[in-house]
Amino acid sequence: HSCAELSDGSFKCWGYNVDGQVGDGTTTSPRSTPVSVGVIGTDGLKIDASTIQGNACAIMASDGSIKCWGNGNDGQIGDGNNLDRTSPTSVTGITGADDVSAGGLFACAWVDSCTVQCWGDNTYGQLGDATTKIELTGNNLFLRYAYAYGHGHSDGYEHQYTNDHSDDYPNEHSDEYRDKYADKYADSYADQYAHRYRDQHADL
């Protein structure tokens, strides 16, 4: 199946629909022409559809919450169950989402511009939480805290690098090169501290 976002903030989907992945409240399949995704109206911000596993997720413009529909066998709808949903259903535990990606049997959201929350199948550790446990909701606090700790301080690392290396680039390109390497320095240290925090708080 496929989905598209219209200019008015609504979504339409079409194609294979045996799991309700078109989102119109039915399992009538196939849908050979685009049909409106139910519930969302014109509140849509972004949509992503997994054409492999038959589900889709969308961000709501009003509050950054996420709704998913379609195949839910492995919890990829995120509503606390492993049931198929034929119309958009709210993912538990997520608001303020900036981006969403529906993968094979799982999904992830970029939340508040600083954290990642995932839900669904985790057989191969694809949720990134150091387990292989299926997550039925978006309340993946382990990954949220680990990422936020390191990357929440990246501006400080960048400022530190700029101060320490202010005289290292004397030519006319000094600002450009200093900023470039300050960014790399900040990201590197943010990653190190994120991993360190995650290892120290594996029981979260």
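Which residue does a disulfide join to C57? In this predicted model, the partner turns out to be C68, with an S to S distance of 2.1 Å. The torsion about this S-S bond is 105°, and the link of C57 and C68 is right-handed. C57 sits in strand β5 (residues 55–60) and C68 in strand β6 (residues 66–70), so the pair links distant parts of the chain, 11 residues apart. Both cysteines, C57 and C68, are buried.

The strands around this link are worth a look too. C57 and C68 are also bridge partners, with C68 lying in β6. Strands β5 and β6 pair in the antiparallel sense, over five bridges. They belong to an open sheet of four strands, which runs in the order β4-β5-β6-β7 with antiparallel pairing. At the edges of that sheet are β4 (44–50) and β7 (85–90), each of which pairs on one side only. Going from one strand to the next, the twist averages 15°.

Back to the cysteines. A search of the whole structure turns up three disulfides. One of them is formed by C3 and C13, whose sulfur atoms are 2.0 Å apart. The link of C3 and C13 is right-handed, with 105° about the S-S bond. C3 lies in strand β1 (residues 2–5) and C13 in strand β2 (residues 11–15), so this pair ties together parts that are 10 residues apart in sequence. As for C13, its relative accessibility is 0%, so C13 counts as buried.

Another disulfide is formed by C108 and C118, with their sulfur atoms 2.1 Å apart. The torsion about the S-S bond of C108 and C118 is about 105°, which means that this disulfide is right-handed. Here the pair links distant parts of the chain once more: C108 is in strand β9 (residues 106–111), C118 is in strand β10 (residues 115–120), and the two are 10 residues apart.

How buried are these two cysteines? C108 has a relative accessible area of 18%. Buried means under 20%, so C108 makes the cut and counts as buried. C118 is buried as well, with a relative accessible area of 2%.

What pattern do the disulfides of the chain follow? With bonded cysteines counted along the chain, the pattern is 1-2, 3-4, 5-6.

Methods:
Residues numbered from 1 in each chain as written. Predicted model: local features only at pLDDT ≥ 70, side-chain atom pairs only at ≥ 80, totals over all residues. Heavy atoms only, no water. Disulfide = S-S within 2.5 Å. Buried < 20%, exposed > 50% of the residue type's maximum accessible area, 1.4 Å probe, protein only. Pairing = 2+ DSSP bridges. Axes fitted to C-alpha atoms, helices over the stretch in contact; angles between N-to-C directions.
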